[in-house]
Amino acid sequence: MTSELALLLLAALCLCAQESLPPYKNPSLDAGRRVSDLLSRMTVREKAEMLAGSGWMESQPNARLGIPAIKMADGPLGVRNWRGSSAVTNAAGTVPVTATAFPAGIAMASSWDTGLVAHAARAIAQESKALGRDMILGPTVNINRVPLWGRNFEGYGEDPFLASRMAVAYIRAVQAERVIPSVKHFAANNEEYERHRIDVKIDERTLNEIYFPAFKAAVQEAGVWVVMSAYNKLNGLYCAENPYLLTDTLRKRWGFRGFVISDWGSTYSTAPTVNAGMDLEMPGGEPMRRWMDRPETRRDGNGGGWLTADKITAALAEGRVTQATVDEAVRRILRVMFTAGLFDRASAPTGEVDTPEQRQLARDAANESLVLLKNTGVLPLNAEKTPKIAVIGPNAAVTRTGGGGSSLVRPKYSVSPLDGIREAAGPRAEIAYALGVAMEGEDAPKSSRELRAEAVALARRSDVAIIIVGYAPKLEGEGFDRKSMDLPAGQDDLIDAIAAANRNSIVVVAAGAPITMTHWIDRVAAVLYAWYAGQEAGHAIGDVLFGAVNPSGKLPVTFPKSLADSPAWGHYPGENLQVEYSEGIYVGYRGFDKHNVEPLFPFGYGLSYSTFAYSNLKVSPQRVTIRLRNTGARAGAEVLQLYLQPPPSPVDRPLKELKGFARVMLQPGESQSVSFALDKSAMSYYDANAHGWVAAPGRYTVLIGASSRDIRARGQFDLTK
Ligand code: BGC
């Protein structure tokens with residue numbers, strides 16, 4: 001046989017094989033056709049099985065039809081172990097899954113760099129595939145409403161516009177890798193206090209202007225494939241069985257075409273949940289049953305095991321759920337699976353974890369995340385001039401890569417601030433370390449008096465004292481709120497004592513949300529907010545302190561002077577399992593502006609080692625341009641922020657709202673024209689009577705700021721009807 005003939009025969013064989021394949025197995029057909037074909041082959045029972053997981057992090061596979069399980073892993077800050085609840089997988093002794101730990105969401109948001117968020121998200125998606133997972137449970141886009149929320153660090157801050165931009169960047173990048181993201185937690189999950197029972201009361205305008213936009217952008221701009229419902233109730237109904245959320249808002253108003261997944265242990269009924277628009281209950285199978293049997297699971301208020309095949313078929317038989325509703329849920333799940341290529345993918349994992357590129361990306365991300373809050377001129381440090389450097393504090397020798405709970409990633413390695421400072425300071429520096437105070441809840445090697453005395457003596461004989469304080473996963477994380485806005489026990493006193501011993505005291509904070517600083521802020525020379533900056537935190541801290549990196553992060557959340565200044569204070573955590581969001585749309589800077597309260601550091605604030613000049617503002621209702629020049633001596637990035645001040649409107653409106661931003665990197669002396677596009681959505685408020693958005697005509701003021709309270713240029717335009 002000639003080789004041509006053999007090839008022809010082979011091609012014919014392949015064609016025959018293709019033709020005998022059922023349409024749903026044919027990758028060249030579109031997803032819709034494949035879904036319909038597969039659905040038509042499924043029995044009632046098989047369809048019912050699809051509505052609940054088969055394990056802790058797997059959906060139900062079907063061997064007869066070759067339907068794979070969707071293999072999930074927690075995110076959003078990297079790929080986390082998927083073998084059990086966070087209580088199990090974050091405990092020592094479980095088989096660890098290691099992956100790159102990127103900075104927390106709040107830190108990524110501080111970069112205001114959507115390109116960076118996209119790169120990190122792509123790397124997370126690639127690592128998911130390398131670890132054999134199809135789906136990553138993130139991003140978290142819930143708004144920081146109060147500084148005490150235990151999960152503030154996971155999300156993108158207090159502003160819906162900023163959170164939306166970050167969410168869209170993350171989701172597009174993950175989906176481009178054909179990994180399934182899951183934007184969470186829909187909706188209004190803004191406190192951990194009684195998270196399984198609390199009924200969040202919010203008016204329609206506030207939902208649409210503050211708590212919905214990031215989800216809406218995820219659906220409408222990024223075409224997100226999966227939305228995770230929240231644990232809490234919203235206006236009287238659990239989010240997992242809330243038709244207003246899952247059907248009217250997501251699907252009817254926003255056009256969502258993906259599927260809804262429940263948060264783990266958040267379901268309390270069968271028919272109401274399915275009929276409200278829930279598609280997939282998690283977790284499922286034996287792991288769910290074992291977990292639900294544990295008294296603490298129910299005590300905490302978890303619910304589950306409601307969408308099992310038995311319960312669904314019973315509900316079908318009794319007419320409480322229709323076959324069409326079940327078919328629709330299965331259709332949505334399958335459509336995402338086909339779109340993501342789950343039926344056509346090799347079952348073996350592809351790609352690598354912890355490559356040099358991923359490490360570098362984690363480092364670049366940390367570099368851009370850090371926010372310099374105060375600098376009297378002590379920074380950047382110069383080891384030639386101040387060689388004796390004391391590094392002190394409970395967060396110096398350990399890396400707090402992230403907050404606690406389901407987002408905590410185990411990296412292969414991490415760089416502590418102490419190591420990062422040693423590396424950045426170079427061989428001329430003499431670095432000495434003292435713990436100063438043990439982290440609250442962690443073992444202390446000596447008495448607190450001894451620890452403090454040692455640190456003070458060290459600070460006294462040093463040229464500079466770097467005090468590294470903050471929180472730890474056991475004190476800030478999922479499942480509980482922070483006790484207060486203050487630093488954990490003993491840390492304020494430590495800062496006081498060190499500041500009194502050394503006038504070049506620099507405070508570095510690793511935490512996921514604002515802390516109170518008023519006791520000591522005036523007595524220290526510099527403050528650097530490091531958030532939880534992932535596995536490369538230490539390198540970034542060292543490089544910013546010594547000037548190899550020019551800080552460029554800006555706050556995605558207002559820092560109040562005290563907790564009582566926070567606009568939602570007094571309406572948190574609620575009473576009798578209800579919390580009224582009485583501050584309405586006046587969350588974060590919107591509230592500080594309205595009540596004319598001076599924050600400690602405003603939204604959008606952050607210092608650089610460079611200075612920037614703003615000029616030539618030009619405005620129209622469609623476009624705003626401005627020239628930015630680096631007037632400093634170092635290359636650096638500035639984050640320009642565009643706020644809009646509305647004309648008098650029929651409803652009360654915030655003094656200003658963020659409607660654009662740009663992160664611009666400039667060499668010394670370099671200048672660049674920066675342009676922002678505007679459209680009517682930027683000018684609109686939500687009219688609760690009309691249930692829609694209104695762009696009120698009138699004169700709008702454009703404010704271009706280096707922060708929300710450092711406005712560098714103003715212009716106006718008129719919006720006519
Ligand atoms: C969290 C989710 C997480 C899920 C799975 C829940 O407790 O709220 O964010 O994705 O667990 O670990």
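User: I'd like to start with Glu478. Where is it found along the chain?

Analyst: First, keep in mind that this is a predicted model. Glu478 sits in a loop, with strand E13 (464–470) before it and helix H19 (491–501) after it.

User: Is Glu478 buried or exposed?

Analyst: The idea here is to look at the relative accessible area and compare it with a cut-off: under 20% means buried. Glu478 has 15%, so it is buried.

User: Which side chains make polar contacts with the side chain of Glu478?

Analyst: For this one, look for pairs of N or O atoms. The side chains of Glu478 and Arg195 are joined by a polar contact of 3.1 Å, and the side chain of Ser406 makes one of 2.6 Å with that of Glu478. If you leave out neighbours within four places in sequence, the contacts of Glu478 also include Gly150, Glu154 and Gly404.

User: There's a ligand in the picture too. Which residues come nearest to it?

Analyst: Glu478 shows up again here. The ligand has 14 residues around it, and the nearest are Asp74, His185, Tyr231, Asp263 and Glu478. Now check the atoms: an N or O atom in the side chain of Asp74 is 2.3 Å from a ligand oxygen. For the side chain of Asp263 the distance is 2.7 Å, and for that of Glu478 it is 2.7 Å. The protein covers 95% of the 310 Å² of accessible area that the ligand has on its own.

User: What kinds of residues make up the shell around the ligand?

Analyst: Sort them by type and you get five nonpolar, two polar and seven charged residues.

User: And how do I read a nonpolar core?

Analyst: Here's the general idea: in soluble globular proteins, nonpolar side chains tend to be buried together. In this model, the largest nonpolar core has 129 residues, and Met72, Phe186, Ile261, Trp264 and Leu334 touch the most other members. Helix H7 (residues 160–176) gives the largest share of this core, 10 residues. A second, separate core has 47 residues, among them Leu475, Ala499, Ile515 and Phe559.

User: What is Trp264 in contact with, leaving aside its neighbours within four places in sequence?

Analyst: Its partners include Trp56, Met72, Tyr231, Trp291 and Asn302. Tyr231 may ring a bell, since we met it among the residues nearest the ligand.

User: Which peptide bonds are cis?

Analyst: To read this, check the omega angle. From Gly75 to Pro76 the bond is cis, with omega near 0°, and Pro76 is in the loop between strand E1 (72–74) and helix H4 (86–89). The bond from Gly138 to Pro139 is cis too, with omega near 10°. Pro139 lies in the loop between strand E2 (135–137) and H7.

User: What about phi: which residues have a positive value without being glycine?

Analyst: Arg178 is one of them, with phi near 60°, and Ala188 is another, at about 60°. Arg178 is in the loop between H7 and strand E3 (180–181), while Ala188 is in the loop between strand E4 (183–186) and strand E5 (199–201).

User: Are Arg178 and Ala188 buried or partly exposed?

Analyst: Go back to the accessible area. Arg178 has 41% relative accessibility, so it counts as partly exposed. Ala188 has 2%, so it counts as buried.

User: Last one: how far apart are Gly606 and Lys374?

Analyst: Check both sequence and space. They are 232 residues apart in sequence, yet 8.5 Å apart in space, C-alpha to C-alpha.

Definitions and conventions. Residues numbered from 1 in each chain as written. Predicted model: local features only at pLDDT ≥ 70, side-chain atom pairs only at ≥ 80, totals over all residues. Heavy atoms only, no water. Near = heavy atom within 4 Å. Polar contact = N/O pair within 3.5 Å; in protein donor to acceptor, adjacent residues only side chain to side chain. Areas by Shrake-Rupley, 256 points an atom, 1.4 Å probe, with all protein chains shown as cover. Nonpolar A, V, L, I, M, F, W, Y, C, P; charged D, E, K, R; others polar. Core = buried A, V, L, I, M, F, W, Y, C linked by side-chain atoms within 4.5 Å. Buried < 20%, exposed > 50% of the residue type's maximum accessible area, 1.4 Å probe, protein only. Helix = DSSP H or I, 4+ residues; strand = E, 2+ residues; numbered from the N terminus. Contact = heavy atoms within 4.5 Å.
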